[in-house]
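This report is meant for a reader who is meeting the structure for the first time. It takes up the sheets, then the helices around them, and at the end the empty spaces.

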Amino acid sequence: MVAAPADIAADASWRDRDQGLLRFIACGSVDDGKSTLIGRLLHDTKALFEDQLADLAAESKAVGTQGEAIDFALLVDGLAAEREQGITIDVAYRFFATERRTFIVADAPGHEQYTRNMVTGASTADLAVILVDARKGVLTQTRRHSYLAQLLGIRQFVLAVNKMDLVDYDRATFDAIVADYRPFADGIGIGAVAALPISAFRGDTAVARSAAMPWYDGPTLIEHLEGVPLAADRDQARPFRLPVQGVSRPDLDFRGFAGLIAAGSVRPGDAVRVVPSGRTSTVARIVTADGDLDAAVAGQSVTLTLADAIDCSRGDVIAAAGDPPMAADQFEATVVWLAEEDLLPGRSYWLKLATQTVAATLQPPKYKVNVNTLDRLAARTLDLNAIGVATLATDRPLVFEPYADSRTLGGFILIDRLTNATVGAGMLNFALRRAQNVHRQPVEVGREVRAALKNQTPKVLWFTGISGAGKSTIANLVEKKLVRMNRHTFLLDGDNVRHGLNRDLGFTDADRIENIRRVGEVARLMADAGLIVITAFISPFRAERDLVRQMMAPGEFVEVHIDTPLADAERRDVKGLYAKARAGRLANFTGIDSPYEVPPAPEIRIDTTALDAEAAAERIVRYLIP
């Protein structure tokens, strides 16, 4: 049974209007009629002006795909490429309203290559309309979009079997598609699914009932959308959460914390806790541009002032004092990979969750999911549009709630640190128990004391360059010169480390990343001991070199690029590695079939065509000890 919603009064308050707003997404496979359905809803709910109707009629004749008839898809497909190809590429949002409710609908592209755009649209939706072409039945993208929608927290689904006019409104066809979809929906955890036979092109069962299908006596699509319960009610019933977007300090007498209330409600006098610090206070005022409020609820943007002067900044979460969210730095997460380049386990990515931004690394996936069979498949990485479960670690505690409880504090995106491109989206499932049980042990003898005992300033000299550039030779000379000057040093050489600490690693991109991460951690510990650490590694990727730099104290990391032309390195080739790589007997060899990313601004650049090893070592020592 579909519950009928309360009518929205014409003079409703802001909160009442928000309770009458339903966000939904239309998704499914290519050419299942998503854009046409949305265009039909806009047309039949009188959401178009006369000039828009005139433009639609003219454009339908010029670029439409329906002959002389109106092509409703043109109302949504706004990009030139979309109109030329008759497909949806970008996610498009449209607003419309009936007498009973207002709506924002997202039109998701059906092509697999644009899955990232579908994820964007589904991340804010409360309901998904899954379209299926009655002639084709349930397809891979039907399952993929259903699975993604469920992963992204959508709990209300409509199965709209479209293009019923092209199968002569045959009930048996409709029943067969519903029977095919329901077991899959049950398998991925979708509860009740409302199944409707429609023709978006002709308007059957979209807004008005259809005389062509007397066998269907259920609600029309718009009647169903008007009656479903709203997520806003659930959010307001949960404990209070406000991720802090910024601190407002217009003068010395005012200090407020601004943000969008993600869940719950708040009043002046309520006890609150700032997470992750754990400090407590009470709410003094709820400030808005229109004046102070007596109360605020989920969905409102406000500025809170607190009774006590406590430390709170962007990324913190102000929460109900008696029921705060958790903070942890290790999680199990479900990840949807959205980049052309595969996930590199061990690489550091930016993770953005609510107003927090942290560095995060993923371990190799525990498994990835076959969206057709729901089988869990072994995987070492994730490729474009793959969905998998992996362990994720952040460089500092992250305030979170499981995604099943909170989209705001459980959903995140992953960003490439060099290109700033969004490469993945994910959902935190739970914090690992070890993240709660393992704590840093404070020590009383610090790095400053150790450095003072050695009468030197700790440094990490990070030699990088292609194989055969001369890194190890120059690094050895540098260490010898420093030892003669009574400096305390340690040399970490790439080949030597692979005989012990990293003997389990190969030379794939993922293994190279883990190799450098481990060496960076060892170098950091040695620098903490007060040593001058010298490392000689190809370290081909900028992201990992930057990661090691961030492990160190400011000014402690010195990048030394041993710059040698590839031809010169091949000519030296003492170990015969280049010859093997050229012959195809040595895979993933830097400079041949694996890239080397040149440091853009190293502290020291050694041009080996201009300096011999002795002169290069002398220059590096003089940089370190003028």
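## A sheet of seven strands

In this predicted model, strand β11, which covers residues 271-275, is joined by three bridges to strand β12, which covers residues 280-287, and the two run antiparallel. Within this pair, the residue of β12 that stands opposite Val272 is Ser281.

The two strands belong to an open sheet of seven strands, whose order is β7-β15-β11-β12-β14-β9-β8 and whose pairing is antiparallel. At the edges of this sheet lie β7 (241-243) and β8 (246-248), each of which pairs on one side only. From one strand to the next the twist averages 40 degrees. As general background, the strands of a sheet pair through backbone hydrogen bonds, and they may do so either parallel or antiparallel.

## A sheet of six strands

A further open sheet is formed by six strands in the order β2-β3-β1-β4-β5-β6, and here the pairing is mixed. Its edge strands are β2 and β6 (193-197), each pairing on one side only, and the twist from one strand to the next averages 25 degrees.

Several of the pairings in this sheet can be followed in detail. Strands β1 and β3 run parallel and are joined by six bridges, with Thr102 in β3 as the bridge partner of Leu21. Five bridges join β1 to β4, again in parallel, and there the bridge partner of Cys27 is Ile130 in β4. Between β4 and β5, which also run parallel, there are seven bridges, and Val129 has Val158 in β5 as its bridge partner.

## The covered strand β4

How much of β4 is buried? The strand is mostly covered, since seven of its seven residues are buried. Leu127, Val129, Leu131 and Asp133 point one way from β4, while Ala128, Ile130 and Val132 point the other way, and all of them are buried. This arrangement can be set beside a general rule, by which the side chains of a regular strand alternate between the two faces of the sheet.

## Helices around the six strands

Helix α2 spans residues 34-44, and because nine of its eleven residues are buried, the helix is largely enclosed by the rest of the structure. The buried residues are Lys34, Ser35, Thr36, Leu37, Ile38, Gly39, Arg40, Leu41 and Leu42. They pack against β1 (21-28), β2 (92-97), β3 (102-107) and β4 (127-133), and also against helix α8 (221-227). Just after α2, Lys46 takes a positive phi of about 60 degrees.

Strands β1 and β3, as already described, run parallel with six bridges between them. Helix α6 (residues 140-151) packs on the sheet that holds them, touching β1, β4 and β5 (156-162), and its direction makes about 175 degrees with that of β4. Helix α7 (residues 171-187) also packs on the sheet, where it touches β4, β5 and β6, and its direction makes about 160 degrees with that of β6.

## Enclosed cavities

How many cavities of 30 Å³ or more does the structure hold? There are two, and the largest has a volume of about 40 Å³. Its lining is made up of Arg23, Phe24, Tyr93, Ile104, Val105, Ala106, Gly121, Thr124 and Ala125. The elements that give two or more residues to this lining are β1 and β3, and β3 gives the most, with three. By class, six of the lining residues are nonpolar, two are polar and one is charged.

The second largest cavity has a volume of about 30 Å³ and is lined by Arg347, Ser348, Tyr349, Asp416, Arg417, Leu418 and Ala543. Here the lining has three nonpolar residues, one polar residue and three charged residues.

## The largest pocket

The largest pocket has a volume of about 1,500 Å³. Of the 47 residues that line it, Ser123, Thr124, Asp235, Arg407 and Thr408 lie nearest its centre. Two or more residues of the lining come from each of β1, α5 (115-122), α9 (231-236), β17 (348-353), α10 (407-410), β22 (411-415) and β23 (422-431). The lining residues of this pocket divide into 22 nonpolar, 14 polar and eleven charged.

How values were computed
Residues are numbered from 1 along each chain as its sequence is written. This is a predicted model: local features need pLDDT of at least 70, side-chain atom pairs count only at pLDDT 80 or more; totals for chains, interfaces and linings use all residues. Side-chain values use heavy atoms; hydrogens and water are left out. Two strands pair if DSSP finds at least two bridges between them. Helices (H or I, at least four residues) and strands (E, at least two) are DSSP runs, numbered from the N terminus. Axes are lines fitted to C-alpha atoms, for helices over the stretch in contact, and angles run from 0 to 180 degrees between N-to-C directions. Buried means under 20% relative accessible area, exposed over 50%, partly exposed in between (1.4 Å probe, protein chains only). Contact means heavy atoms within 4.5 Å. On a 1 Å grid over the protein atoms alone, a cavity is a set of points where a 1.4 Å probe fits but cannot get out, and a pocket is an open set with protein on both sides within 12 Å along at least five of seven lines; lining residues have an atom within 4 Å of a point. Grid points are joined across faces, edges and corners, and a volume is the space filled by probe spheres set on the points. Ala, Val, Leu, Ile, Met, Phe, Trp, Tyr, Cys and Pro count as nonpolar, Asp, Glu, Lys and Arg as charged, and the others, Gly among them, as polar.
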